[in-house]
Amino acid sequence: MLEIPQPEDILGLAIKNMLDYRKYDEKFNTYVSNWSKKKQKKIVVNVIPFYAVTILFDGSRVIITRGETKKALKVTLHVHSMLEMANGRLGLIKATLTRKLKVKGIYRIGTILKFTKIFFTTMKMVAAEPNINYYELHKHTR
Amino acid sequence: MTISENKNIYKNINRNDVKAELVEIFGAANVSDKQSDLYPYSYDMTEAEPSMPNFIVIPENKEQLVELVKFCNKYIIPIVPYITGNNVGGITVPVKGGIIVDFGKKMNKILHVNENMMYAILEPGVTFGQFKKYLDDNYPHLRYSYPFAPPSAGVVGNALLSGMNNLSEKIGSMGDSINGLEVITIDGDVARIGSCFYGKEEADPDHWYSRYPMPDLIGLFVNWQGMTGLVTKCAVQLWPKDPFEKNMVALFEDLSSVGRFMREVGSLEVLNDISAVSIEVIKMTIELPEPKRFPGEPAMIANCPISGKTQKLVDAKLEILQNKVKELQEEGMPVILEDIDDFAKLLNLRVRSFLDLPAVILSLFEYSGLTWFGSYAPSHIHDELIPKVDAIFHKHGIPPFIYMKNMKSNHYGIFRPIIRYNKYKEGEEEKVHALLNEITDTCIDAGCIPYKTPEWMTEKMRKKINPGWLKLFDKVKKMMDPNGIFNPGRWNT
């Protein structure tokens, strides 16, 4: 199971919320541990117009910190595009072709695809079925 | 917190005789003077000084209360109305002792709903959770308007104190939603006020439809914090429940544009409500109890709910809102508008507790203590107050919690800095009070008018209020309650 310490910034909290959704998912754990074996363990997600966070894959730990790191794969997108992609209204290919999603850094296409499975697929899964028991917890009081 | 001493209310009658009379009126099972029973009524969530009542009584009907008022007025014994204890400002703390009338236990019935003219007649103890469930189960096409409060808070108390709601852009303050009242005045008379005033004994339940055109005596009881009589029934307006909804959220990169955004968007008349909170409040809601704001994060967010009879109507309202936001963005305003559900799903669904009112909102009830400067405000001063009050919070080392609204198509604003704290931690109440005091001075100087006020706050207000108003206020209070038995101490009476 993945361990994801709680960040204190709003974007970090959103990314933790997404990754937490799959922390018991074996397939997802495999993606993350495979990613961790790579030289490039860090990914910067820069959300315009706000700020960037760095995601470090370190074995079974995923550490999310504010700010950018050099020598990392950097993904830049507007918060609106992020929400559009999560909710299936903007596809990955279209986002890339229209420059709504920009990827920079030393990477291979395989790396991008693996990160897609970790990040964008999870984002879509959370948006499609966001069950964190909120409604269950509140059904008697709402 | 400690148990405070019981006050001496026995100048004109001895304790045993008071108890015997209360037992006679309410029955032994509904009267208590045990310290352990009295203690929960001696304090509220705020830093208000605790004060023990001498008795609590649990009424079942107005006839009992008529007897109580006559008895207490004769022997000059304070009466303090109490509903569910979700109070701020110490407004149900019996500062001069006396008898707590707990309406929440038995006088909590929804007496009538008129579907045609859309109102409900309620006893004082009805809670928001109870009322919402009742309407959802029995009148799913109707809704009430719910405040940023838990389901256990009282509906009538909220209306009588001009509280907020989530239709504020459309209907304004909850005080405006009162159609009629039944009240017991100081000599034990039962007065029905509003269109329900026809009828010698009981009013026709289908005649509680308006507070006009007769002289509007409801004002003698609204915002008086129980100082003028005991309300035993209240008719409140209901609204059609729109089947189509869309909830948008505005994210602000800085604090200075929030006030203008709310005014511009509020006056479009397409929103049900507009309320903004500091980003710290969102973090508190998702389990970061002592949050910080970091560079680059949105500084505040505003909730902009839309509804309509058809999807097309909702889409048209959304288009008006989006066009206005685009116009503001083109002028350089750093604001982003998104669907709140999209936002909440990725961040944390608890954010939806701001929409699904009434709700247990973690940011409000996480700690044992909560205090505030809840105020009505001219909406143009929000621009100046938001950064100023945010800085005061930081100066005192407490995370900013600003909650604000624009009301009734932007006719006025609401500005509410809120402070959560641990009541049981040494020195915490003093620290919190110092912060609240500075916020109070700043906001009153800017023109804010606090509501649900503690006495020390009304004392500050009295220095600014025109003497003519104060004289009239005192005359009305004297006329309504010459012996000062109704919730004494409020507004420094």
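Begin by selecting strand E8 (residues 178-184) and strand E10 (residues 230-237) in chain B of this predicted model, where you will find the two strands running antiparallel and joined by six bridges. To see what such a pairing looks like at the level of single residues, show Ile184(B), which stands opposite Leu230(B) in E10(B), and then move to Ile178(B), whose bridge partner in E10(B) is Val236(B). As background, the strands of a sheet pair through backbone hydrogen bonds, and the pairing may be either parallel or antiparallel.

Keep E10(B) selected and add strand E6 (residues 119-122) of chain B, which pairs with E10(B) in the antiparallel sense over four bridges. Here the residue to look for is Tyr119(B), which has Gln237(B) in E10(B) as its bridge partner. How many of the residues of E10(B) are buried? Eight of its eight residues are, and the strand is therefore described as mostly covered, where a residue counts as buried if 20 or more other C-beta atoms lie within 10 Å of its own.

Next, widen the selection to the whole sheet, an open one of five strands of chain B that follow the order E5-E6-E10-E8-E9 with antiparallel pairing. Which strands form its edges? They are strand E5 (110-114) and strand E9 (190-194) of chain B, each of which pairs on one side only. If you look along the sheet, you can follow a twist that averages 15° from one strand to the next.

Now colour chain B by domain, with domain 1 covering 110-240 and domain 2 covering 244-455. The C-alpha centres of domain 1 and domain 2 of chain B lie 27 Å apart, and where the two domains meet, 22 residues of domain 1 are in contact with 21 residues of domain 2. On the domain 1 side of this contact, select helix H4 (128-138) and helix H6 (168-171) of chain B, which are the elements that give two or more residues to it. The largest share, four residues, comes from H6(B), and by class the domain 1 side that touches domain 2 has 12 nonpolar, seven polar and three charged residues.

Step back and display the whole of chain B, which has 15 helices and 20 strands. The radius of gyration of chain B is 23 Å, close to the 23 Å that the globule rule gives for 493 residues, so the chain is as compact as a globular protein of that length. Taken along the principal axes, the C-alpha atoms of chain B fill a box of roughly 70 × 55 × 45 Å. Of the 493 residues in the chain, 51% count as buried, and among the contacts of chain B with a separation of 6 or more, 73% are between residues 24 or more positions apart.

Finally, bring chain A into view and select the place where the two chains touch, a contact that takes 25 residues from chain A and 27 residues from chain B. Which elements of chain A should you highlight on the side that touches chain B? Those that give two or more residues to this side are helix H1 (10-20), helix H3 (79-86), helix H6 (120-128) and helix H7 (134-138) of chain A. The largest share of the chain A side, five residues, comes from H1(A). If you colour the residues of this side by class, you will see that they divide into 16 nonpolar, five polar and four charged.

Terms used
Residues numbered from 1 in each chain as written. Chains lettered and ligands numbered in written order. Predicted model: local features only at pLDDT ≥ 70, side-chain atom pairs only at ≥ 80, totals over all residues. Contact = placed C-beta atoms within 7 Å. Nonpolar A, V, L, I, M, F, W, Y, C, P; charged D, E, K, R; others polar. Rg over C-alpha atoms; globule rule 2.2 N^0.38 Å. Buried ≥ 20, exposed ≤ 12 C-beta atoms within 10 Å, placed from the backbone. Pairing = 2+ DSSP bridges. Axes fitted to C-alpha atoms, helices over the stretch in contact; angles between N-to-C directions. Domains from an automatic or database assignment.
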